[in-house]
Amino acid sequence: MSSPEISSLSWGHMKVKGCSTSYKDCKVWPGGSRAWDWRETGTSHYPGVQPADLEDVLRTGVQTLVIGRGMNEALQVPPTTLDYVKKQGVDVRVFQTEQAVKEYNALVEQGAKVGGVFHSTC
């Protein structure tokens, strides 16, 4: 099962190919996508992305995880979160969101087993 391409990105708005819903922030994995609702885990820009934000994507068996930190990179990614992902045996890549989407889509095109979490504003 392949990961869905992110077909468009603008401030506060993301579209995933094959999904009729648009997202502000989203999670993607082989075979699916959903909104990334920070309230589920109490996430905020600081301290940033928590392991709990990533667990559902990691459970899909991805080999690479791409994290988009926002258009202005306001969303932090603590070293403890990166260590958590690496301990799962998953390669993790962190970028400004526009670059993260480019990286993610390139991996999708290569047929990689890739997942991602993307913040589309600040």
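**Entry 1: what covers helix H1**

I started with the surroundings of H1 in this predicted model. The cover over the buried residues of H1 includes strands S4, S5, S6 and S8, along with helix H2. Which residues of H1 are buried? I noted Asp53, Leu54, Asp56, Val57 and Leu58. Two aspartates are in that list, Asp53 and Asp56, and I followed Asp56 further.

**Entry 2: the partners of aspartate 56**

I looked up the salt bridges next, and a search of the whole structure returned eight of them. Aspartate 56 forms one with lysine 27, at 3.0 Å from N to O. This pair ties together distant parts of the chain, since aspartate 56 belongs to helix H1 (residues 51–58) and lysine 27 to strand S4, 29 residues apart. Is lysine 27 buried or exposed? Lysine 27 has a relative accessible area of 2%, so I wrote it down as buried.

Aspartate 56 also has arginine 34 as a salt-bridge partner, with the closest N and O atoms 3.0 Å apart. Here too the link is between distant parts of the chain: arginine 34 sits in strand S5, aspartate 56 in helix H1, and 22 residues separate them.

Arginine 34 has another salt bridge, to glutamate 40, where the closest N and O atoms are 2.9 Å apart. I checked accessibility for both ends of that bridge. Arginine 34 is partly exposed at a relative accessible area of 26%, and glutamate 40 is partly exposed at 48%. Which residues end up in one network through shared partners? They are Lys27, Arg34, Glu40 and Asp56, joined by their salt bridges.

**Entry 3: the five-stranded sheet**

Lysine 27 and arginine 34 led me to their strands, S4 and S5. Both strands belong to an open sheet of five, in the order S5-S4-S8-S6-S7, with mixed pairing. Strand S5 (32–35) and strand S7 (91–95) are the edges, each pairing on one side only. From one strand to the next, the twist averages 10°.

How do S4 and S5 run relative to each other, parallel or antiparallel? Strand S4 (residues 25–29) and S5 are antiparallel, and four bridges join them. As a landmark I marked cysteine 26, whose bridge partner in S5 is alanine 35.

At the other end of the strand order, S6 and S7 pair in the parallel sense over five bridges. Glycine 68 stands opposite phenylalanine 95 in S7. To get from S6 to S7 the chain passes through H2, and this β-α-β crossover is right-handed.

**Entry 4: the loop between S6 and H2**

I then went into the loop that leads from S6 to helix H2 (79–87), where arginine 69 lies. Arginine 69 is buried, with a relative accessible area of 17%; I call that buried because the cut-off is under 20%. Its side chain reaches the backbone oxygen of glutamate 73 at 2.7 Å. I also listed its contacts, leaving aside neighbours within four places in sequence: among them are Val94, Phe95, Gln96, Thr97, His119 and Cys122.

Glutamate 73 lies in this loop between S6 and H2 as well. What is its phi? The value for glutamate 73 is near 55°, positive in a residue other than glycine. At 35% relative accessibility, glutamate 73 counts as partly exposed.

**Entry 5: the three-stranded sheet and helix H3**

There is also an open sheet of three strands, ordered S1-S2-S3, with antiparallel pairing. Strand S1 (6–10) and strand S3 (22–23) are at its edges with a single partner strand each, so one side of each has no neighbour in the sheet. Strand S2 (residues 13–16) pairs with S3 over two bridges, in the antiparallel sense. Methionine 14 is the residue opposite tyrosine 23 in S3.

Which strands does helix H3 (residues 97–109) lie across? In the five-stranded sheet I found S4, strand S6 (64–68), S7 and strand S8 (114–119), with H3 running at about 165° to S8. H3 lies across S1 and S2 too, at about 175° to S1.

**Entry 6: a cis peptide bond**

Last, I looked at a backbone detail at proline 47, which is placed in the loop between S5 and H1. The peptide bond from tyrosine 46 to proline 47 is cis, with omega near 10°.

Conventions:
Residues are numbered from 1 along each chain as its sequence is written. This is a predicted model: local features need pLDDT of at least 70, side-chain atom pairs count only at pLDDT 80 or more; totals for chains, interfaces and linings use all residues. Side-chain values use heavy atoms; hydrogens and water are left out. Two strands pair if DSSP finds at least two bridges between them. Axes are lines fitted to C-alpha atoms, for helices over the stretch in contact, and angles run from 0 to 180 degrees between N-to-C directions. Contact means heavy atoms within 4.5 Å. A salt bridge is a side-chain nitrogen of Lys or Arg within 4 Å of a carboxyl oxygen of Asp or Glu. Buried means under 20% relative accessible area, exposed over 50%, partly exposed in between (1.4 Å probe, protein chains only). A polar contact is a pair of N or O atoms within 3.5 Å; within protein, one must be able to donate a hydrogen and the other to accept it, and residues adjacent in sequence count only if both atoms are side-chain atoms. A crossover is right-handed if, with the strands pointing away from the viewer, the path from the first strand over the helix to the second runs clockwise.
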